[in-house]
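Colleague: I would like to learn how to read the features of a model like this one. Could we go through them one by one?

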Amino acid sequence: MRTKANIAAIKAMVMNRIGDFGLCIGFFLIYYLFKSLDYSVIFSLTPLFQSKLFFFLHYEVNIITLISIFLFIGVCGKSAQLGLHTWLPDAMEGPTPVSALIHAATMVTAGVFLLIRFSPLVEYSKVALTLISFIGALTAFFASTVAVFQNDIKKIIAYSTCSQLGYMILACGCSAYASSMFHLFNHAFFKALLFLGAGSVIHALSNEQDIRKMGILVRYLPVTYAAFLIGSLSLAGFPFLTGYYSKDLILESVYVSYSSLSLFSYILALLSAYFTTFYSLKLIYYVFLTKPNLFKNKLTYIHESDNFILIPLIMLSLLTIIVGYLFKDALVGFGTNF
């Protein structure tokens, strides 16, 4: 029995229950105010209640602000924002294909999607938007700096996921919901590619995950290297790859937004982008390019993964190259040619 995996599973459950508790209170408040949980009813009535106050812990609080904050607590749990983020890096104990699916493309994006879906309500609370952009910027910055000092190949990618989720939340806080959704969509491709690439490396090295015990793999795993390079460049926002279109758009949206924290958020987002590039290149260098640091007996067994692993890598690599360009007009919304 893998004790670390069990502890990680319990941690993920507990952290998400804290988030769900906030989410439940948010739903109760919505039902108390609107007498319905139907999106169309809530959004059509929100302007009528935008100045309604609610007594909460002996304070008069704007009820729309209160609802938005409690919904955001749920978002923090699901999308691993600062405070409720600790389960995500530990969840890397699971199998790599599971990490690629759940922790890159589906589960962690649920919180971001909730925020985008509730945007017509959240948009009426300036306090909530400021808080959301503040937490998003801090998460993006914090996770990217932590990733620089990790040595486990999957943990680096996990913290990178945390950082990119911070970007998406930050975009929501600056009312750039379309660019947040675009980044959510794009992120799924290159992050799944990175996780599966990491899985291919771990498989080739007989379950070794420490990047300090790798090196020179470009000679033995050329296809995996090519896929990993494409994924890393896309994550770093290299021009004309998928990550570039949405990441650049978020940085621009934050820079031109009118929130009181926009400059602070923009500087943190820019620094996060720098650190992201740094750890992406560090990963490529340590795993594939530097002199070999592995045991000699492992060198004799290294082999490129079979087609069962390589075909998804090649398909994801192609998607990572073209998807951003193909959908840049469709998902950005107003002002495009779509």
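**Salt bridges and other features**

Modeller: This is a predicted model. Start with Arg212, which is partly exposed because its relative accessible area is 46%. Its side chain meets that of Asp210 in a salt bridge, at 2.8 Å from N to O. Asp210 counts as buried, since its relative accessibility is 15%.

Colleague: What joins Arg17, Asp20 and Lys78 into one network?

Modeller: Side chains of opposite charge can pair when their charged atoms come close. Here, salt bridges that share partners join Arg17, Asp20 and Lys78. In the bridge between Arg17 and Asp20, the closest N and O atoms are 2.5 Å apart. These two residues are 3 residues apart in helix H1, so about one helical turn separates them. Arg17 is partly exposed, with a relative accessible area of 42%, whereas Asp20 counts as buried at 18% relative accessibility.

Colleague: How many salt bridges does a search of the whole structure find?

Modeller: The search finds 4 salt bridges. One of them pairs Asp90 with Lys11, with 2.8 Å between the closest N and O atoms. Asp90 lies in helix H4 (residues 87-90) and Lys11 in helix H1 (residues 3-34), so this pair ties together parts that are 79 residues apart in sequence. Asp90 counts as partly exposed at 22% relative accessibility, and Lys11 is partly exposed with a relative accessible area of 29%.

Colleague: Next, the nonpolar interior. Which residues have the most contacts inside the largest nonpolar core?

Modeller: In soluble globular proteins, nonpolar side chains tend to be buried together. The largest nonpolar core in this model has 76 residues, and those with the most contacts inside it are Ile67, Phe118, Ile153, Val201, Leu217, Phe228 and Val287. Helix H9 (residues 153-173) gives the most to this core, with 10 residues. Apart from this core lies another, of 14 residues, among them Ala140, Leu170, Val254 and Ala269.

Colleague: Take Phe118 as a case. Which residues is Phe118 in contact with, leaving aside neighbours within four places in sequence?

Modeller: The contacts of Phe118 are Phe27, Ile30, Tyr39, Ile42, Phe43 and Leu71.

Colleague: And nonpolar residues outside the core: which ones form a nonpolar patch on the surface?

Modeller: The patch consists of Leu319, Ile321, Ile322, Tyr325, Leu326 and Phe327, and together they have about 530 Å² of accessible area. Leu326 can serve as an example. Leu326 lies in helix H15 (residues 307-327). With 54% relative accessibility, Leu326 counts as exposed, because the cut-off for that class is over 50%.

Colleague: On to strands. How do strand E1 and strand E2 run, and how many bridges join them?

Modeller: In a regular strand the side chains alternate between the two faces of the sheet. In this model, strand E1 (residues 53-56) and strand E2 (residues 59-62) run antiparallel and are joined by 4 bridges. Leu53 stands opposite Asn62 in E2. The two strands form a hairpin with 2 residues between them, and Leu57 in the turn has a positive phi of about 50 degrees.

Colleague: That brings up backbone angles. How should I read a positive phi?

Modeller: Most residues other than glycine have a negative phi, and most peptide bonds are trans. Ser175 is not a glycine, yet has a positive phi of about 65 degrees. Ser175 is placed in the loop between H9 and helix H10 (177-204). Ser175 is partly exposed, as its relative accessible area is 32%. Phe240, also not a glycine, has a positive phi of about 75 degrees. Phe240 has its place in the loop between helix H11 (222-236) and helix H12 (242-256), and at 58% relative accessibility Phe240 counts as exposed.

Colleague: One more loop residue: is Thr290 buried or exposed?

Modeller: Thr290 counts as buried because its relative accessibility is 11%, and the cut-off for buried is under 20%. Thr290 is found in the loop between helix H13 (262-289) and helix H14 (296-301). Not counting residues up to four places away in sequence, Thr290 touches Gly215, Ile216 and Tyr285.

Notes: Residues are numbered from 1 along each chain as its sequence is written. This is a predicted model: local features need pLDDT of at least 70, side-chain atom pairs count only at pLDDT 80 or more; totals for chains, interfaces and linings use all residues. Side-chain values use heavy atoms; hydrogens and water are left out. Patches are made of residues with over 30% relative accessible area and no salt bridge: like charges are joined within 9 Å, nonpolar side chains (Val, Leu, Ile, Met, Phe, Trp, Tyr) within 5 Å. Accessible areas come from the Shrake-Rupley method with a 1.4 Å probe; for residues, only the protein chains shown count as cover. Buried means under 20% relative accessible area, exposed over 50%, partly exposed in between (1.4 Å probe, protein chains only). Two strands pair if DSSP finds at least two bridges between them. A nonpolar core is a set of buried Ala, Val, Leu, Ile, Met, Phe, Trp, Tyr and Cys residues joined through side-chain atoms within 4.5 Å. Contact means heavy atoms within 4.5 Å.
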